[in-house]
Amino acid sequence: MFKKSILILLITASFLSISSCSKEGNSPVLQEKLTKENLYQIAQNIYNEKKLTRDQIDLFNSAINRYGLTPDSIIGKTVGELITKEEQNLWQNSAKQLVATLAKVQILSDHKIKYLGLQPQDKDTLKLDIIVFEITNTSNKDIQDLEGQFRFFDMQNQLIKAYPIQLSKVMTQVPVIKPGETRRFAYPFFHDSNNERDEKVRAGKDLQILWFPVSMTFSDSTKINTIVNN
């Protein structure tokens, strides 16, 4: 009998909780359209009514902050429409971040890269900074291309310069890196003696060099990309 009473109480509490959530979700304020004259009134209605959830209020506030600088983009929209639009926008941003994170982890697991140094090469007026590095294919497929950046930071973690790498440009004779293979590459960049950042990189004092992968392409045309196109 005691257990049965507890069960009834739990069911009743669950019903009340669901009922409460339903009431919050069906607030009349959600159907109110924004006009140039009622913006403040809608805010007061939301505060006084106290039926919108905190998440709904945060989403609505975020939507207003995002689109409010161009009032025509919110006028005529209902509170509910703006909440839904902002929720979709935040979902898309989070999903893009997830893709970028997992793509980067996948790329890093499929290769190892080792920065070996920078070799100046000057001839007459032509000055080059040649970045030398090694790549080992740790995947089970042929790597056809690898894109990313070598970024040079000072000891205060301030970015000095970023050098974009597109491996296919220096992999013309042997167009793929086989699984387990290690290859050395020399990637040339023009050096500007009048550019303070170029001079700092060439001097090479107290610098940290980090590799930031962007995409990897295999010989079977499979591509892993940290950038999501809309």
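**View 1. D122 and K127 face each other where β1 and β2 meet.** In this predicted model, start with D122: its bridge partner in β2 is K127. They belong to a longer run of pairing, since β1 (residues 111-123) and β2 pair in the antiparallel sense over 12 bridges. Antiparallel is one of two options here: strands of a sheet pair through backbone hydrogen bonds, and they can do so either parallel or antiparallel. Now look at the hairpin that β1 and β2 make, with 2 residues between the strands. There, D124 takes a positive phi near 55°.

**View 2. β1, β2 and β5 make an open sheet.** Zoom out a little and you get 3 strands in the order β1-β2-β5, with antiparallel pairing. The edges belong to β1 and β5, and each has a single partner strand, so one side of each is left without a neighbour in the sheet. Neighbouring strands in this sheet are turned by 20° against each other on average, direction ignored. On the β5 side, β2 and β5 (residues 182-190) pair in the antiparallel sense over 9 bridges. If you want a pair to look for, I135 stands opposite R183 in β5. How many of the 12 residues of β2 are buried? The count is 9, so β2 (residues 126-137) is largely enclosed by the rest of the structure. Helix α5 lies across β1, β2 and β5, and it runs at about 110° to β1.

**View 3. H111 sits in β1 with plenty of company.** Is H111 buried or exposed? Its relative accessibility is 3%, and buried means under 20%, so H111 counts as buried. H111 lies in strand β1. Leaving out residues up to four places away in sequence, H111 touches I135, T136, T138, I143, L146, W211 and M216. There is also a polar partner to find: a polar atom of the H111 side chain lies 2.7 Å from the backbone oxygen of I107.

**View 4. A second open sheet has four strands.** This one is built from 4 strands in the order β4-β3-β6-β7, again with antiparallel pairing. Which strands are at the edges? They are β4 (159-166) and β7 (223-225), and each pairs on one side only. On average, neighbouring strands of this sheet are turned by 25° against each other, direction ignored. At the β7 end, β6 (residues 208-218) and β7 pair in the antiparallel sense over 3 bridges. One pair to pick out there is M216, which stands opposite I224 in β7. You have met M216 already, as one of the residues that H111 touches.

**View 5. Two helices pack on the four-stranded sheet.** Helix α4 (residues 79-109) lies across β3 (143-153), β6 and β7, running at about 95° to β6. Helix α5 (residues 196-203) packs on the sheet too, touching β3 and β4. The direction of α5 makes about 80° with that of β4. Remember that α5 also lies across β1, β2 and β5.

**View 6. Q166 is a partly exposed residue in β4.** Find Q166 in strand β4. At 25% relative accessibility, between the 20% and 50% cut-offs, Q166 counts as partly exposed. What does Q166 touch, not counting residues up to four places away in sequence? The contacts are D145, L146, E147 and Y187. L146 is also on the list of residues that H111 touches. Q166 and S215 are 49 residues apart in sequence, but their C-alpha atoms are 9.4 Å apart in space.

**View 7. Helix α3 has a buried face.** Helix α3 (residues 54-67) has 14 residues and reaches 20 Å from its first C-alpha to its last, close to the 20 Å expected at 1.5 Å a residue. Its buried residues are Q56, L59, F60, A63 and Y67. Seen down the axis of α3, these buried residues fall within an arc of 100°, so they line one face of the helix. The spacing helps here: an α-helix has 3.6 residues a turn, so residues three or four places apart point the same way. The face turned away from the buried side carries the exposed residues R54 and N65.

**View 8. Q31 sits in a loop.** Look for Q31 in the loop between α1 (2-25) and α2 (39-49). Q31 has a relative accessible area of 61%, and exposed means over 50%, so Q31 is exposed. Q31 and T78 are 47 residues apart in sequence and 5.5 Å apart in space, C-alpha to C-alpha.

Definitions and conventions: Residues numbered from 1 in each chain as written. Predicted model: local features only at pLDDT ≥ 70, side-chain atom pairs only at ≥ 80, totals over all residues. Heavy atoms only, no water. Pairing = 2+ DSSP bridges. Axes fitted to C-alpha atoms, helices over the stretch in contact; angles between N-to-C directions. Contact = heavy atoms within 4.5 Å. Buried < 20%, exposed > 50% of the residue type's maximum accessible area, 1.4 Å probe, protein only. Polar contact = N/O pair within 3.5 Å; in protein donor to acceptor, adjacent residues only side chain to side chain. Expected span 1.5 Å × (residues − 1). Arc of directions from axis to C-beta.
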